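Please work through the following exercises with the sequence and the structure side by side, attempting each task before reading its solution.

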Amino acid sequence: MYLAAEASGGSSALPLLVVVAFAAFVYFLMIRPQQKRRREVQDMQSTMGLGDEVVTVGGLYGIVTEVADDFVMLEIAPGVSAKYARAAIGKVNQKAAAAEEEPVAEEESVVKPDAD
């Protein structure tokens, strides 16, 4: 009888190993990527500046006219501004400095020969 009890006791390390492996799997495939995305969104929202073209999480396009700790003012049409929570900004489409640096296409001048 004593030998049968020892044989069925077995090692309890295998179930513990399975639980640890599952926890690591969940962390690396679900939790870590979500934390990375959250950090990227917070960085984007904290670096928003005046003149940036943004899109809200609801799909509204606007230009940032004022930035405060917990809200931003967006110009959504000429002369029309709306106040939004900073967390409602989903994406910065174009930074204000980048918009100024883009070269404007100049018209090519055509040189006409003199007709003498």
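**Exercise 1.** Decide whether arginine 32 is buried, partly exposed or exposed, and state which surface patch includes Arg32.

Solution. Begin with the relative accessibility of arginine 32, which is 47% in this predicted model. Partly exposed is the class between under 20%, for buried, and over 50%, for exposed, so arginine 32 counts as partly exposed. Next, locate the residue in the fold: arginine 32 belongs to helix H2, which covers residues 13–46. Finally, look at the charged residues grouped with it, where Arg32, Lys36, Arg38 and Arg39 together form a positive surface patch.

**Exercise 2.** Find which residues make the nonpolar surface patch, and describe the aromatic pair formed by tyrosine 27 and phenylalanine 28.

Solution. The nonpolar surface patch has an area of about 760 Å² and is made by Phe22, Phe25, Tyr27, Phe28, Leu29, Met30 and Ile31. One of these residues, phenylalanine 25, is placed in helix H2. Turning to the rings, the count of aromatic pairs comes to one. In that pair, tyrosine 27 and phenylalanine 28 have ring centres 5.1 Å apart and planes at 80° to each other. Planes over 60 degrees apart count as edge-to-face, so the pair of tyrosine 27 and phenylalanine 28 is edge-to-face. As for accessibility, tyrosine 27 has a relative accessible area of 34% and is therefore partly exposed.

**Exercise 3.** Determine how many salt bridges there are, and establish which parts of the chain the pair links.

Solution. The count is one salt bridge. It is formed by aspartate 52 and lysine 95, whose closest N and O atoms are 3.3 Å apart, and the cut-off that this distance has to meet is within 4 Å. Now place the two partners: aspartate 52 sits in the loop between H2 and strand S1 (53–56), whereas lysine 95 sits in the loop between strand S5 (89–94) and helix H3 (96–101). The two residues are 43 residues apart, and the pair thus links distant parts of the chain. Their accessibilities can then be set side by side: aspartate 52 is buried, with a relative accessible area of 3%, while lysine 95, at 35% relative accessibility, is partly exposed.

**Exercise 4.** Work out what the C-alpha to C-alpha distance is between phenylalanine 71 and arginine 86, and then between serine 46 and aspartate 69.

Solution. Phenylalanine 71 lies in strand S3, residues 71–77, and its relative accessibility of 19% is the reason why it counts as buried. Although phenylalanine 71 and arginine 86 are separated by 15 residues in sequence, their C-alpha atoms are 4.6 Å apart in space. For the second pair, serine 46 is found in helix H2 and, at 48% relative accessibility, counts as partly exposed. Between serine 46 and aspartate 69 there are 9.0 Å from C-alpha to C-alpha, with a sequence separation of 23 residues.

**Exercise 5.** State in what order the elements of the protein chain run from the N terminus on.

Solution. Start from the inventory, which gives three helices and five strands. From the N terminus on, these elements follow the order α-α-β-β-β-β-β-α. To complete the description of the chain, 16% of its 116 residues count as buried.

Technical notes: Residues are numbered from 1 along each chain as its sequence is written. This is a predicted model: local features need pLDDT of at least 70, side-chain atom pairs count only at pLDDT 80 or more; totals for chains, interfaces and linings use all residues. Side-chain values use heavy atoms; hydrogens and water are left out. Patches are made of residues with over 30% relative accessible area and no salt bridge: like charges are joined within 9 Å, nonpolar side chains (Val, Leu, Ile, Met, Phe, Trp, Tyr) within 5 Å. Accessible areas come from the Shrake-Rupley method with a 1.4 Å probe; for residues, only the protein chains shown count as cover. A salt bridge is a side-chain nitrogen of Lys or Arg within 4 Å of a carboxyl oxygen of Asp or Glu. Lys and Arg count as positive and Asp and Glu as negative; His and the chain ends are not counted. The place of a charge is taken as NZ of Lys, CZ of Arg, CG of Asp or CD of Glu. Helices (H or I, at least four residues) and strands (E, at least two) are DSSP runs, numbered from the N terminus. Buried means under 20% relative accessible area, exposed over 50%, partly exposed in between (1.4 Å probe, protein chains only). Rings of Phe, Tyr and Trp (its six-membered ring) pair if their centres lie within 6.5 Å; planes under 30 degrees apart count as stacked, over 60 as edge-to-face and the rest as tilted.
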